[in-house]
Amino acid sequence: MIEESRVYVDEPMKKHTTYRVGGPADYYLIPQNAEQVRQVVALCKEKGIPYFILGNGSNLLVGDRGYAGIILQLKDKKCVEKT
């Protein structure tokens, strides 16, 4: 799974969008590879937890109430496998 230093609780999304607006995400995760992305998505589906996969945060508006669920920020190119 994702190491603790890459997991944020109640993370303000305004830090991660180009428009600099948005309330907190319940959980904000920064996976290091595609396997970690798969594991988190599988867990979310199993538990019924909403999730959103975020790229660079451009052209994205997050409401002031934030996001009730998990945001996966794909910063590392290893997170996206070419098939």
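Biologist: Is valine 41 buried or exposed?

Modeller: Keep in mind that this is a predicted model. To read burial, look at relative accessibility: a residue under 20% counts as buried. Valine 41 has 14%, so it falls in the buried class.

Biologist: Where does valine 41 sit, and which residues does it touch beyond four places in sequence?

Modeller: You will find it in helix α1, which covers residues 34–47. Its contacts outside that sequence window are Tyr51, Ile53 and Leu72. Arginine 6 lies 35 residues away along the chain, and its C-alpha atom is 16 Å from that of valine 41.

Biologist: Now a loop residue, please. Which strands flank the loop that holds histidine 16?

Modeller: That loop runs between β1 (7–12) and β2 (24–29). Histidine 16 counts as buried because its relative accessibility is 13%. Its side chain makes a polar contact of 2.9 Å with the side chain of glutamate 11. Beyond four places in sequence, histidine 16 also contacts several residues, among them Tyr28, Leu54 and Gln73.

Biologist: How do I read the sheet: in what order do the strands come?

Modeller: Follow the strands from one edge to the other. Here 4 strands make an open sheet, ordered β1-β2-β4-β3, with mixed pairing. β1 and β3 (51–54) are the edge strands; each has a single partner, so one side of each lacks a neighbour in the sheet. From one strand to the next, the twist averages 30°.

Biologist: How many bridges join β1 to β2?

Modeller: There are 5, and the two strands run antiparallel. For a place to look, find valine 9, which stands opposite tyrosine 27 in β2.

Key: Residues numbered from 1 in each chain as written. Predicted model: local features only at pLDDT ≥ 70, side-chain atom pairs only at ≥ 80, totals over all residues. Heavy atoms only, no water. Buried < 20%, exposed > 50% of the residue type's maximum accessible area, 1.4 Å probe, protein only. Contact = heavy atoms within 4.5 Å. Polar contact = N/O pair within 3.5 Å; in protein donor to acceptor, adjacent residues only side chain to side chain. Pairing = 2+ DSSP bridges. Axes fitted to C-alpha atoms, helices over the stretch in contact; angles between N-to-C directions.
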